[in-house]
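Me: I would like a close look at a single part of this structure, with the terms explained as they come up. Could you take me through it slowly?

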Amino acid sequence: MSDPGNYAGSTDRSIGQLVASATAEMSALVHDEIALAKAEVRQDVKRGVIGSIAFVAAGVFALFSIPVLSFAAAYGIHNLGLGLAWSFLIVGVAFIALGGLLAFLGIRKFKKVKPPEKSIASAKQTAAVLQKAKPHPRPSIEAAAIIERSAVSGSSLAKKDLEGGSGRDKAGSVARSST
């Protein structure tokens, strides 16, 4: 017969020690995975913040460029031979027309917005099903049945039921009160 201690990889550790070692290694692995996930999320959040700052800065520069470009357009029209007042009036009317067009498009899109019909129908269907559902009644032990049982069997269990009720009924009342 061969000696079980001679197998490759076996040591003189007990099964309890092996289980404890495996548990500790699994716990360390889980902690390392959580740390890795946190580091990745931190890096992604940092990239997201930097990207957001870049977009905000781009928006600010675009917003500041609108008056400059407006003046450039007005002076460009003035160089074509129109008076300066007429040039600024043309640029202003162009901005008002562009704003009106965008408002019109926005209103058209808002009119197409509908309530979430599928979600509402699903919620109504769920409510209808729940209204039809009745709670499952728990069997209750009445005093007359307990007295009858104790008189017939004379058991201490029936007397205990009469005095304090059964444990199952208490558990049921706790479950009903917690919902």
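Reply: Buried means under 20% relative accessible area, exposed means over 50%, and partly exposed lies in between, with a 1.4 Å probe and protein chains only. This is a predicted model, in which local features need pLDDT (the predictor's confidence in each residue, from 0 to 100) of at least 70, side-chain atom pairs count only at pLDDT 80 or more, and totals for chains, interfaces and linings use all residues. Residues are numbered from 1 along each chain as its sequence is written, and side-chain values use heavy atoms, with hydrogens and water left out.

The part to look at is the salt bridge, meaning a side-chain nitrogen of Lys or Arg within 4 Å of a carboxyl oxygen of Asp or Glu. The structure holds one of these, and its partners are aspartate 44 and arginine 47, whose closest N and O atoms are 3.7 Å apart. Both residues belong to helix α1 (residues 15-79), and because they are three residues apart there, about one helical turn separates them; helices here are DSSP runs (H or I, at least four residues), numbered from the N terminus, while strands are runs of E with at least two. As for their surroundings, aspartate 44 has 47% relative accessibility and therefore counts as partly exposed, whereas arginine 47, with a relative accessible area of 52%, is exposed.

Confidence deserves a word as well: the protein chain averages a pLDDT of 78, and 68% of the residues score at least 70. In the chain, the highest mean, 93, belongs to helix α2 (residues 84-111), and the lowest, 47, to helix α6 (residues 167-178).
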